[in-house]
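Here are some comments on the model we discussed, written as numbered points so that you can follow each one with the structure open beside you.

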Amino acid sequence: MNSDHSPRTGFTAPAKKQLGQHFLADKYYVEKIVLAVDPKGDDRLVEIGPGQGAITFPLLRRHPKLTVIEFDRDLIVPLTEAAAPLGELTIVHSDVLRVNFTELAAGGTIRLVGNLPYNISSPILFHALDHAAAISDMTFMLQKEVVDRMAAGPGSKVYGRLSVMLQAFCEVKALFVVPPGAFRPPPKVDSAVVRLVPRDPATVGINDRKRFADVVRAAFGQRRKTLRNALNGVIDQTQFEAAGVRSDARAEQLEVADFIRLANLPHE
Ligand code: SAM
């Protein structure tokens, strides 16, 4: 390890593979993440998976109050002790997928941050979407391949369900790539940091979220097929015409707005 770039985390613990633990160990990237978050005033920051505190403690030095959600019980006491001299750290010891972000926001909004456990990164994203109205933004590190899918547009090979679902509800911006060597232990793949800003629910324009999710899932479920075939039994020819969408197109050619128009049509 290049000790010049090692962040001061206050403690170390062996990494647990089943919890997706790859600890960020390069100060340069820690600082880039903290700068990207740029905490201000009375922002309510919530970090998912603080681990050994690589991002937590630098954030706490910039911003005196922070809530973290950590599943690994072995990290709770060391995190509490190392944070004590720095600021006010509230630790929620829980599986993040069981945390109700809307309740956590208590009528306001929270800002989410996290070097996410990659094995459950998509479920965390969908969980956050369920609470989008309570979240003002999210700065997440994930596998680069997932960030590429999140940010992809029509015509791209990696444009798919994740791209459409996230872009319908959020602005998605890929920020920068982080190489495996920045982590201990190093993951097998490149990582990337992405910023998600939930859209104002009033402007999203989706009448029924479940119907929208069903249409998008069915369309990309058989992405090589024409929409007419992939959406057989979900959208009929008159509905394609009403939405102004060609039924001989493929899902990967449609804009997010096309999916919204298709899903918003009256249906049985
Ligand atoms: N933030 C630290 C860093 O950058 O070095 C650790 C990041 S590590 C990739 C992911 C963290 O998420 C670990 O601390 C792990 O224990 C935690 N984690 C894994 N599954 C979790 C879950 N379901 N709920 C909350 N935290 C979880």
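1. In this predicted model, two strands take a clear part in the shell around the ligand, since β1 (23-24) and β3 (65-70) each supply at least two residues of that shell. The shell as a whole is made of 24 residues, and the closest of them are Gln21, Leu24, Gly49, Glu70 and Asn115. When these surrounding residues are sorted by class, 13 are nonpolar, seven are polar and four are charged.

2. Which atoms of the protein lie 2.9 Å and 3.3 Å from a nitrogen atom of the ligand? A polar backbone atom of valine 96 is 2.9 Å from a nitrogen atom of the ligand, and a polar backbone atom of proline 50 is 3.3 Å from a nitrogen atom of the ligand. Asparagine 115 contributes through its side chain, where a polar atom lies 2.8 Å from an oxygen atom of the ligand. As for how much of the ligand is covered, the protein hides 98% of the 600 Å² of accessible area that the ligand has on its own.

3. Please look next for empty space enclosed by the protein atoms, where the count comes to one cavity of 30 Å³ or more, with a volume of about 30 Å³. The residues that line this cavity are Gly20, His22, Asn115, Leu116, Tyr118 and Phe183, and they divide into three nonpolar, three polar and no charged residues. You will recognise Asn115 in this lining, as this residue is also listed with those closest to the ligand.

4. Two details of the backbone deserve a careful look, and the first concerns the peptide bond from arginine 184 to proline 185, which is cis, with omega near -15°. Proline 185 has its place in the loop between β8 (183-184) and β9 (191-198). The second detail is aspartate 38, a residue other than glycine whose phi is nevertheless positive, near 45°; aspartate 38 is found in the loop that runs between α1 (27-37) and β2 (45-48).

5. Finally, a word on the annotation: an unreviewed UniProt entry marks residues 29-200 as "domain: Ribosomal RNA adenine methylase transferase N-terminal", and this label should be quoted as coming from that record. In the model, the chain over residues 29-200 is 33% helix and 29% strand, while the C-alpha atoms at the two ends of this stretch are 30 Å apart.

Conventions. Residues numbered from 1 in each chain as written. Predicted model: local features only at pLDDT ≥ 70, side-chain atom pairs only at ≥ 80, totals over all residues. Heavy atoms only, no water. 1 Å grid on protein atoms, 1.4 Å probe; cavity = no way out; pocket = protein on both sides within 12 Å on 5 of 7 lines; lining within 4 Å. Points joined across faces, edges and corners; volume = space filled by probe spheres on them. Nonpolar A, V, L, I, M, F, W, Y, C, P; charged D, E, K, R; others polar. Near = heavy atom within 4 Å. Polar contact = N/O pair within 3.5 Å; in protein donor to acceptor, adjacent residues only side chain to side chain. Areas by Shrake-Rupley, 256 points an atom, 1.4 Å probe, with all protein chains shown as cover. Helix = DSSP H or I, 4+ residues; strand = E, 2+ residues; numbered from the N terminus. UniProt positions renumbered as here; feature names shortened; annotations may be inferred.
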